[in-house]
Amino acid sequence: MADPMISQSTQSQLNIAASTTPRHQHHLHIENLTPSPSSSKQINRLINSNHYISPSRPIYSDRFIPCRSSSNFALFNISLPSSATAEISPGGGGKEDSPGAYAALLCNALFGPQTPDKKDWGAGAAGRNIFRYKMETRQSLHSLSPFVFDDMGDPGVSNVAIKTPRKVSRSPYKVLDAPALQDDFYLNLVDWSSHNVLAVGLGTCVYLWNACSSKVTKLCDLGNDDGVCSVGWAHRGMHLAIGTSNGKVQIWDASRCKRIRTMEGHRLRVGALAWSSSMLSSGSRDKSILQRDIRAHEDFVSKLSGHKSEVCGLKWSYDNRELASGGNDNRLFVWNQHSTHPVLKYCDHTAAVKAIAWSPHLHGLLASGGGTADRCIRFWNTTTNSHLSCMDTGSQVCNLVWSKNVNELVSTHGYSQNQIILWRYPTMSKLATLTGHTYRVLYLAMSPDGQTIVTGAGDETLRFWSVFPSPKSQNTDSEIGASSLGRTTIR
């Protein structure tokens, strides 16, 4: 019988044989038998119980060792070890592609070159707490870039971050056939309303194209003895002004397809129109500009004289305080609301001035373009009465329009390249050159959202281009751009 002092667990590990000797002689015999593999593992667990790690049990420790590779040492006046910076020092014999060199370069780009070295850790540390929070380590947003933006940056790091240029489609997303669209430099036959309706003068008729539904409506037909020379939408509402070859100006309510008024005053064709609230300006081949208040009974309230040839360009400034006019006399004039003679005269162009555009971004900034003999886009400051700059485009400048969303502008051209150019102001760097028209691009209008332009030419086509970004996102497609692609006719 086994000794009761030996536990059952011990019995399971030991082979205990009871003696067959008489009861008064008790001896305990322990036989060293060869254990089985499972018994061997259990014995090892007992012997090495302090070192055995269960594979199914997580390891816990009371000691936390941080990962210093991701620490912001500049926050506590601590830098990377000096050996890392020595690896990239000139003449230091270090390896430029070593991990320490990369870490030092990244630290310099992220936290600045003023980060102290390791040798300075002990200097002055006795008098201050090395974990003192350093407020001056706050960096600008540029410090998060791997490029150094300050003038004193590391010469080994590029100081210029490459900006990805905006992609501009070189092809029109829609083409409309426009039969009988005249190839006449002095006319203005295309305009886009704030209600997303395009008006086009074709021969003796005016057609309306709804950009949302692609519906075409014939507004009017002037008859065989007259013709359309210009069209212009009011800034608000659905009123359309039509200048005719007989020298008259008609006002139509496009929502009802009804003519509401006819105004006279010019002796020859009316090739230019410009709205300013309830005021309508008309320029004619008779060299005059008439100011018309559509609320008044009279056909015009004042007459502006100054041009020596046909008036072919008219534009009111965005604040409706200044009117710019261009003529076939190579002159660009600026008028105020009450003047009958120009307050500013610019005579630098050497050809007819039809292309005129006011900047919506800077008060008093005016752009103008000259014809075939001039080929230049000029910029003027009407506030200081100064000529700012000149850009020779190499071809006839037919139209200009300034983007409402970004500081860019578009010019259309005639002889000899018939191209459309997107410019960035004030550098006047070309962002895109668009081609496709086979005749000079005489007509230009911009959509109400400021993202799309439409161009017209003597090749009897209207082409729609997505050139400008939206005011919120450059990747947002306009409602017009989402319309059906392809080629259709406007009548």
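Let's start with Asp184, which forms a salt bridge with Arg269; the closest N and O atoms are 3.1 Å apart. Please keep in mind that this is a predicted model. Where do the two partners sit? Asp184 is in the loop between β3 (174-177) and β4 (190-192), while Arg269 is in the loop between β11 (258-263) and β12 (270-276), so this pair ties together parts that are 85 residues apart in sequence. And are they buried or exposed? Asp184 and Arg269 are both buried.

Stay with me in the loop between β11 and β12, because Glu264 lies there too, and its partner Lys248 lies in the loop between β9 (239-244) and β10 (249-253). Glu264 and Lys248 form a salt bridge, with 3.8 Å between the closest N and O atoms. These two residues are 16 apart, and the pair links distant parts of the chain. As for exposure, Glu264 is partly exposed, at a relative accessible area of 43%, and Lys248 is partly exposed as well, at 32%.

Now for another pair, Glu310 and Arg285. Their salt bridge has its closest N and O atoms 3.4 Å apart. Glu310 belongs to the loop between β15 (302-304) and β16 (311-316), and Arg285 to the loop between β13 (279-284) and β14 (289-293), so the pair ties together parts 25 residues apart in sequence. How exposed is each partner? Glu310 is buried, with a relative accessible area of 6%, whereas Arg285 counts as partly exposed at 39% relative accessibility.

Here's the bit I like. Which residues join up in a network of salt bridges? They are Asp184, Arg269, Arg285 and Glu310. So two of the pairs I just showed you, Asp184 with Arg269 and Glu310 with Arg285, belong to one network. Over the model, the count comes to 10 salt bridges.

Let's step back to the whole chain. The protein chain has four helices and 31 strands. Of its 491 residues, 43% are buried. If you take the contacts between residues at least 6 apart in sequence, 48% of them join residues at least 24 apart. The chain exposes about 27100 Å², and carbon and sulfur atoms supply 52% of that.

Last, the annotation. An unreviewed UniProt entry places the feature "repeat: WD" at residues 221-262, 304-345 and 434-467. Looking at residues 434-467 in the model, we find 0% helix and 56% strand, and the C-alpha atoms at the two ends are 10 Å apart. Thanks, everyone!

Definitions and conventions
Residues are numbered from 1 along each chain as its sequence is written. This is a predicted model: local features need pLDDT of at least 70, side-chain atom pairs count only at pLDDT 80 or more; totals for chains, interfaces and linings use all residues. Side-chain values use heavy atoms; hydrogens and water are left out. UniProt positions are given in the numbering used here, feature names are shortened, and annotations may be inferred rather than shown by experiment. Buried means under 20% relative accessible area, exposed over 50%, partly exposed in between (1.4 Å probe, protein chains only). Contact means heavy atoms within 4.5 Å. Accessible areas come from the Shrake-Rupley method with a 1.4 Å probe; for residues, only the protein chains shown count as cover. A salt bridge is a side-chain nitrogen of Lys or Arg within 4 Å of a carboxyl oxygen of Asp or Glu.
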